[in-house]
Amino acid sequence: MTNKAMKIPGPDHPITVEPSGERIVVSLAGRVIADSRQALRLQEASYPAVFYIPRSDVDMGALARSEHATYCPYKGECSYFSLPTAGERGLNAVWSYEAPYPAVAAIKDHLAFYPDRVDTIERSPIG
């Protein structure tokens with residue numbers, strides 16, 4: 001259990017989570033690591049939007065759990081995965097809130113990728 005402060009999103013720090021409405025494909029070294037039509041788009045304050053992809057749409061065999069961990073007072077404890085085939089660039093390239101705070105509960109069982117640690121994150125309309 002953590003004694004860390006939990007903050008609730010509000011007008012001073014809004015967070016929205018909604019279906020992206022797009023197909024998101026993440027590639028590395030010519031290999032598709034993730035391909036999803038069920039991704040969520042999380043918009044937090046003025047930060048760039050982040051796509052959270054369901055684990056069921058990610059090639060989990062391409063990831064290696066890392067010892068790295070961080071904490072967000074709005075989302076909770078964050079764990080990381082590396083992409084071994086990317087070498088040093090792939091260290092802690094993927095993150096997940098495995099027990100997110102209630103305000104962002106929808107991102108449970110989803111993963112997000114740092115765009116500069118994979119080759120591409122392609123977005124295309126569904127339909």
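## A tour from the pocket to the sheet and the cysteines

Start with β5, because the largest share of the lining of the largest pocket, four residues, comes from this strand. Keep in mind along the way that this is a predicted model.

**First stop: the pocket.** Select residues 50–54, which make up β5, and then add β2 (22–28), β4 (40–44), β7 (76–82) and β10 (120–125), since these are the elements that give two or more residues to the lining of the largest pocket. The volume of this pocket is about 480 Å³. To find the middle of the space, show Pro-48, Ala-49, Val-50, Trp-95 and Tyr-114 as sticks, for these are the closest to its centre among the 23 residues that line the pocket. If you then colour the lining by residue class, it divides into 19 nonpolar residues, one polar residue and three charged residues.

**Second stop: the three-stranded sheet.** Two of the strands you have already selected, β2 and β10, also belong to an open sheet of three strands, whose order is β3-β2-β10 and whose pairing is antiparallel. Which strands stand at the edges? They are β3 (31–36) and β10, and each has a single partner strand, so one side of each is left without a neighbour in the sheet. Looking across the sheet, you will find neighbouring strands turned by 20° against each other on average, with direction ignored.

**Third stop: the hairpin of β2 and β3.** Zoom in on the antiparallel pair β2 and β3, which five bridges join. Select Val-25 and look across to Asp-35 in β3, which stands opposite; then move to Val-26, whose bridge partner in β3 is Ala-34. Between the two strands of this hairpin there are two residues, and in the hairpin Ala-29 takes a positive phi near 55°.

**Last stop: the cysteines.** How many disulfides does the structure hold? The count is zero. Select Cys-72, which is in no disulfide, and mark the nearest cysteine sulfur, that of Cys-78, 8.5 Å away; a disulfide would need the two sulfur atoms to lie within 2.5 Å. Cys-78 is likewise in no disulfide, and its nearest cysteine sulfur is that of Cys-72. Are these two residues buried or exposed? Cys-72 is buried, with a relative accessible area of 10%, and Cys-78 is also buried, with a relative accessible area of 3%.

Terms used
Residues are numbered from 1 along each chain as its sequence is written. This is a predicted model: local features need pLDDT of at least 70, side-chain atom pairs count only at pLDDT 80 or more; totals for chains, interfaces and linings use all residues. Side-chain values use heavy atoms; hydrogens and water are left out. Buried means under 20% relative accessible area, exposed over 50%, partly exposed in between (1.4 Å probe, protein chains only). On a 1 Å grid over the protein atoms alone, a cavity is a set of points where a 1.4 Å probe fits but cannot get out, and a pocket is an open set with protein on both sides within 12 Å along at least five of seven lines; lining residues have an atom within 4 Å of a point. Grid points are joined across faces, edges and corners, and a volume is the space filled by probe spheres set on the points. Ala, Val, Leu, Ile, Met, Phe, Trp, Tyr, Cys and Pro count as nonpolar, Asp, Glu, Lys and Arg as charged, and the others, Gly among them, as polar. Two strands pair if DSSP finds at least two bridges between them. Axes are lines fitted to C-alpha atoms, for helices over the stretch in contact, and angles run from 0 to 180 degrees between N-to-C directions.
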